[in-house]
Amino acid sequence: MRRRRLWGSAAFGTAAAVLALEAATFRVSFPTDPLGPAAFPIAGAALLAFGAASLWLPGAGEARGVDPAGGLRIVAAAGSFILYAVLLAPLGFVVATALEFAILGILFGGRPLASALAGTVFALFLFGLFVYGLGLPLPLGILERGG
Amino acid sequence: MTESFGSLLAGFGVAFRPVNVGLAFGGVLVGTTVGMLPGIGPINAIAMLLPLLFAVGLPPESALILLAGIYYGSQYGNAISTILLNVPGTASAVVTAIDGHAMTKEGRGGEALAMSAIASFAGGTLSIIGLVILAPLLSAWAIRFGPAEYFALMVFAFSALSSVSGRSVSRALASTGFGLLLATVGMDPNSAVPRYTFGQLRLFDGIDFVVVTIGLFAVSEVFLVLEKTGWAGHAAAGYGRVAVRLRELSGAAWTMVRASVIGFFVGVLPGAGGTIASFLSYSVEEKAAGSGGRFGRGDIRGLAAPEAANNASTTGAMIPLLTLGVPGSGTTAVLLGALLGLGLVPGPLLIEQNPEVFWGLVASMYLGNVFLLLLNLPLVGLFVKVLRLPRWILMPGVAGLSFVAVYAVNQSAFDLFLMTGFGVVGFGMKKARFPLAPVILGLVLGPLMERNLRRALALSGGEWGVMFSSALAVFLWLLAALAILLPPVWTRIRRRAG
């Protein structure tokens with residue numbers, strides 16, 4: 001328990017220190033702006049540092065741990081989100097979204113074929129709704145060149 | 001005051017145009033569907049649908065009506081999943097869950113759903129009278145606010161939110177700091193110095209609050225559900241006929257009136273909002289009922305009180321938002337972002353310079369309430385069908401909708417990276433019990449706060465005394481200090497007493 005607190009405090013403290021140091025480089029002097037661009041970020045970093053210190057106050061309560069298998073699924077899901085962001089432009093909205101939906105569906109315990117099918121339907125529905133219904137452009141990707 | 005009611009009538013004239021009625025209908029429908037998704041409350045529903053709202057390019061008054069529909073719809077959607085499945089998407093819905101879900105277990109789910117809609121409607125209706133009376137008064141008074149007073153008011157909003165959003169004030173302050181830091185990302189408008197952009201051109205315009213909100217709230221929720229294995233979906237219970245008997249309704253009439261009054265006045269205070277309103281009205285009703293009540297075991301008054309209070313506090317919270325331009329909660333912060341996105345600047349001048357917008361907004365909020373009642377009672381069955389979809393369809397659907405909304409903000413895949421990052425951060429914050437609402441409030445209020453602070457100091461030539469130079473400013477600083485210091489002192493006194 002103590003270790004978890006230590007990690008939390010260290011992470012917070014480091015983040016606050018890095019952000020405050022970075023803020024110290026925001027320098028510019030105008031007579032009309034006595035405060036300058038650095039003061040506000042430094043105040044924000046100070047609040048963060050206060051949060052880091054407060055984890056050691058009595059009665060701060062404990063953080064809840066992450067279930068290992070669940071943690072793995074979360075890493076997989078976050079990874080698939082990154083993959084989606086990378087593939088969105090080259091593959092196009094429909095293909096990338098169908099793929100992403102299928103991956104998530106499987107992570108959530110759906111059968112692969114059913115997830116893929118649901119993903120395709122969902123992607124086509126959203127594409128139709130946004131591009132034709134709302135006039136919002138979404139990338140076409142490979143469908144553009146292939147079709 | 002008669003003038004106010006006249007303006008309100010004109011507002012209704014705008015709201016009742018056929019296009020706008022259609023939009024209110026659509027907004028309630030979509031808002032209810034999204035708000036009902038497990039763990040997704042109004043703050044998510046609005047953030048998810050906002051980019052689409054901007055993309056459609058409606059005139060402001062129509063966009064406002066759609067927004068109001070989405071807002072009220074998502075609140076009711078949240079109540080549906082709370083009552084039937086016991087998965088409250090917001091802190092205030094936790095109170096609704098107590099007797100609401102108990103009623104479902106008794107097979108009276110339909111009655112609970114109907115009561116929730118009626119109580120929300122009652123809360124909305126009664127509180128709007130308060131708004132019509134109070135908003136112009138406060139607005140006339142708010143014109144006296146200078147930069148120093150604004151800054152103090154925003155400090156008060158943060159300290160009030162910090163002292164109510166969970167047990168740990170210091171964690172809430174750390175969350176606030178995080179939000180304020182996020183707000184500084186991008187080009188500083190005063191000096192044109194890039195801050196925290198780390199050489200990334202795409203960060204020069206700052207981080208859009210939609211990206212942050214969806215990442216912190218919706219994506220982290222997907223992760224949270226994903227973590228729990230063996231969570232075998234929800235078996236939505238049967239709920240019977242969606243109606244309330246007249247005897248039950250008249251028995252809860254005074255409950256709804258009292259809860260609406262409590263909710264409205266609590267809602268006006270920054271930071272307090274729906275959660276306190278719900279808890280307070282629930283405990284008042286529990287005491288009033290005495291031994292005759294079945295509170296906690298499915299008493300319909302235990303459901304009517306938080307639902308009416310929550311909706312009334314929503315209207316109350318519109319008062320500081322619209323007259324001062326200072327939101328007091330995560331949800332109103334997102335609403336402020338929406339209004340600014342539509343080119344409307346809430347503040348003391350709004351009601352004077354754009355009365356048609358102000359009263360149009362009030363009228364459309366009310367219309368959203370009316371549609372909620374008319375639509376949801378007959379359509380509840382349809383919504384419940386969506387809830388019964390398996391988790392492997394529902395959660396990827398939430399994720400997919402988040403992707404489109406985030407992508408739509410700037411048409412940029414870079415925002416999807418940011419969203420994923422905020423999703424991971426939000427998950428960690430939820431695990432470590434850091435409240436998320438102060439982050440959004442910090443992000444939205446940060447620029448306003450910094451601008452007012454720098455303006456005040458520029459006017460005084462760098463003399464800090466200007467921050468405390470008026471009685472109003474000193475009063476607001478005192479309130480801010482009290483909001484932070486009072487709760488821990490109070491707990492200690494109570495602990496010592498007994």
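**Exercise 1. What share of the 498 residues of chain B counts as buried?**

Start with the ground rules. This is a predicted model, where local features need pLDDT of at least 70, side-chain atom pairs count only at pLDDT 80 or more, and totals for chains, interfaces and linings use all residues. Residues are numbered from 1 along each chain as its sequence is written, while chains are lettered from A and ligands numbered from 1 in the order in which they are written.

Step 1. Apply the burial cut-off: buried means 20 or more other C-beta atoms within 10 Å of the residue's own, exposed means 12 or fewer, and partly exposed lies in between, with C-beta atoms placed from the backbone.
Step 2. Read the result: 61% of chain B is buried.
Step 3. Repeat for chain A: buried residues make up 33% of its 147 residues.

**Exercise 2. Describe the fold content and compactness of chain B.**

Step 1. Assign elements from DSSP runs, numbered from the N terminus: helices are H or I with at least four residues, strands are E with at least two.
Step 2. Chain B has 20 helices and two strands.
Step 3. Its radius of gyration (over C-alpha atoms) is 22 Å, close to the 23 Å from the globule rule (2.2 Å times the number of residues to the power 0.38), so chain B is as compact as a globular protein of that length.
Step 4. The C-alpha atoms of chain B fill a box of roughly 65 × 60 × 50 Å along the principal axes.

**Exercise 3. Characterise the packing of helix 3 against helix 4 in chain A.**

Step 1. Chain A has six helices and zero strands.
Step 2. Helix 3 spans residues 68–91 and helix 4 residues 93–107. Their axes lie 8 Å apart at about 170°. Axes are fitted to C-alpha atoms over the stretch in contact, and angles between N-to-C directions run from 0 to 180 degrees.
Step 3. The two helices are therefore roughly antiparallel (over 145 degrees).
Step 4. List contacts (C-beta atoms, placed from the backbone, within 7 Å). Tyr84(A) and Leu87(A) are among the helix 3 residues, and Ile103(A) and Leu104(A) among those of helix 4.
Step 5. The contact residues divide into 12 nonpolar, one polar and two charged. Nonpolar covers Ala, Val, Leu, Ile, Met, Phe, Trp, Tyr, Cys and Pro; charged covers Asp, Glu, Lys and Arg; the others, Gly among them, are polar.

**Exercise 4. Which helix of chain A gives the most to the side that touches chain B?**

Step 1. The contact takes 56 residues from chain A and 56 from chain B.
Step 2. Helix 3 of chain A gives the most, with 12 residues.
Step 3. The chain A side divides into 38 nonpolar, 13 polar and five charged residues.

Terms used. Parallel < 35°, antiparallel > 145°, perpendicular 65-115°, else oblique. Contact = placed C-beta atoms within 7 Å.
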